[in-house]
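Here is a report on one protein model. It takes salt bridges first, then strands, then the nonpolar cores.

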Amino acid sequence: MTEPGFGLYVHWPFCLKKCPYCDFNSHVRDRIDQERWRDGLLAELDHYAAQSTGRVVNSIFFGGGTPSLMAPETAGAVINRIARNWTLAADAEITLEANPTSVEAGRFQGFRTAGINRVSLGIQALDDRALKFLGRAHSAGEARAAIALAASSFDRYSFDLIYARPEQSLASWAAELDAALALAGDHLSVYQLTIEPGTAFHTAHARGDFILPDDDLAGALYELTQERLEAAGMPAYEISNHARPGQESRHNLTYWRYGDYLGVGPGAHGRLTLGGVKHATRQKKAPESWLGAVEVAGHGTEEVTPLTAEQRSEELLMMGLRLAEGIPRTRFRAELGCEPEALLDPRGLVQLVEGGFVVLDDHRLAATAAGRQRLNAVLAMLVG
């Protein structure tokens with residue numbers, strides 16, 4: 001199994017509007033000083049470069065928010081500064097999240113020139129009624145046009161879909177999946193709609209404005225997704241992510257394989273090994289607070305916290321069991337200095353293995369397809 005690389009996550013916190021289901025650190029502003037924000041990101045990169053010299057950067061991910069709202073020149077400056085401060089692998093994956101509005105999609109060529117070689121589109125649905133419910137600013141027609149432009153502009157592209165929406169049936173979702181597969185490249189991300197606290201949907205759902213599919217239907221929609229995409233040659237390599245072999249998101253694999261990654265920008269999180277100890281890093285969340293701190297101190301770091309063995313164990317399990325490949329024993333030894341059996345509740349482990357939810361052999365610990373569908377319950381049984 002491939003070992004984790006070293007990734008860099010760059011957070012752009014601004015959106016044209018806040019989607020009602022979104023609980024990410026995203027904000028709407030009337031005006032954005034692109035030059036000031038570019039300088040802030042570059043300063044924070046310089047700050048962390050001094051603490052992680054000699055690392056090879058295998059992936060860069062511009063997330064948000066809506067990073068396709070940043071000037072392509074900003075993305076180019078960030079990529080160039082990363083290449084100056086670290087060694088940027090010759091085959092580094094450099095991804096930009098983008099929304100499929102015509103204005104943003106028209107900037108794709110600028111981003112490609114800046115060094116972006118992979119784009120991830122927030123499509124969410126290929127149905128105009130569903131897009132309206134989800135609060136998206138684009139139509140299904142604009143989504144299709146943006147996907148076509150991404151396919152012609154970048155060697156690698158992906159897009160997101162959301163299922164288990166109100167009034168969604170198995171038949172309608174099957175048709176939408178077939179339409180998506182006709183447009184897809186080698187990667188698709190497919191997420192179940194969840195209601196997160198603090199979002200507009202949380203309030204509306206509590207008010208009874210809409211009803212989500214029940215657990216049985218949601219489970220059937222999930223299983224249909226797995227079957228349809230696997231039959232199309234894009235099996236799930238992670239709970240919500242599907243790809244043809246070799247086309248997985250390398251940046252996200254760094255997270256799930258519990259590798260080191262640096263997070264810069266408002267609210268960005270990271271995992272960074274310093275002095276042989278893995279640390280959790282977190283930047284100030286409010287955009288203006290982060291930028292002000294960077295301009296004063298050279299960085300917007302809120303916390304740098306060494307992780308205990310128990311915390312590392314929990315994170316390793318929580319991230320690694322999302323993957324179809326699971327967690328190799330070598331990773332347990334390297335990260336925690338022991339075999340998985342020493343960390344897991346023996347009774348829970350036996351029950352999960354006998355029930356067909358977990359596999360533990362000479363090489364790895366892995367959740368089966370059934371186990372990944374019920375991962376929260378599996379994790380609760382494994383850690384006791």
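A search of the whole structure finds 21 salt bridges. A salt bridge here is a side-chain nitrogen of Lys or Arg within 4 Å of a carboxyl oxygen of Asp or Glu. Side chains of opposite charge can pair when their charged atoms come close.

The model is predicted: local features need pLDDT of at least 70, side-chain atom pairs count only at pLDDT 80 or more, and totals for chains, interfaces and linings use all residues. Residues are numbered from 1 along each chain as its sequence is written, and side-chain values use heavy atoms, with hydrogens and water left out.

**Salt bridges**

Three pairs are set out below.

| Pair | Closest N to O distance | Separation in sequence |
|---|---|---|
| E238 and R322 | 2.6 Å | 84 residues |
| E325 and R257 | 2.8 Å | 68 residues |
| R329 and E339 | 2.8 Å | ten residues |

Helices (H or I, at least four residues) and strands (E, at least two) are DSSP runs, numbered from the N terminus. Buried means under 20% relative accessible area, exposed over 50%, and partly exposed in between (1.4 Å probe, protein chains only).

E238 and R322 meet through their side chains. The pair links distant parts of the chain. E238 sits in strand β7 (residues 236–238), while R322 lies in the loop between α12 (309–320) and β13 (327–328). E238 is buried, at 1% relative accessible area. R322 is partly exposed, at 25%.

E325 lies in the loop between α12 and β13. Its partner R257 is in the loop between α10 (250–256) and β9 (261–264). E325 counts as partly exposed, because its relative accessibility is 22%. R257 counts as buried, at 10%.

R329 belongs to helix α13 (residues 329–336). E339 is in the loop between α13 and α14 (346–354). R329 is buried, with a relative accessible area of 10%. E339 is partly exposed, with 29%.

There is also a network of salt bridges. It links R55, D260, K278, R312 and E335.

**Strands around β11**

Two strands pair if DSSP finds at least two bridges between them. Strand β11 covers residues 277–283. It is mostly covered, with five of its seven residues buried.

β11 pairs with strand β10 (residues 269–274) in the antiparallel sense, over six bridges. G270 stands opposite T281 in β11. The two strands form a hairpin with two residues between them. In the turn, G275 has a positive phi of about 60°.

β11 also pairs with strand β12 (residues 301–306). This pairing is antiparallel too, over five bridges. Q283 has T301 in β12 as its bridge partner.

**Nonpolar cores**

In soluble globular proteins, nonpolar side chains tend to be buried together. A nonpolar core is a set of buried Ala, Val, Leu, Ile, Met, Phe, Trp, Tyr and Cys residues joined through side-chain atoms within 4.5 Å.

The largest such core has 63 residues. I60, F62, W86, L121 and F159 have the most contacts inside it. Helix α1 (residues 34–49) gives the most to this core, with six residues. Apart from it lies another core, of 20 residues. Among them are L336, L352, V358 and L375.

What does F62 touch? Contact means heavy atoms within 4.5 Å. Not counting residues up to four places away in sequence, F62 touches V10, P67, M70, A75, V78, I79, I94, T95, L96, E97 and I116.
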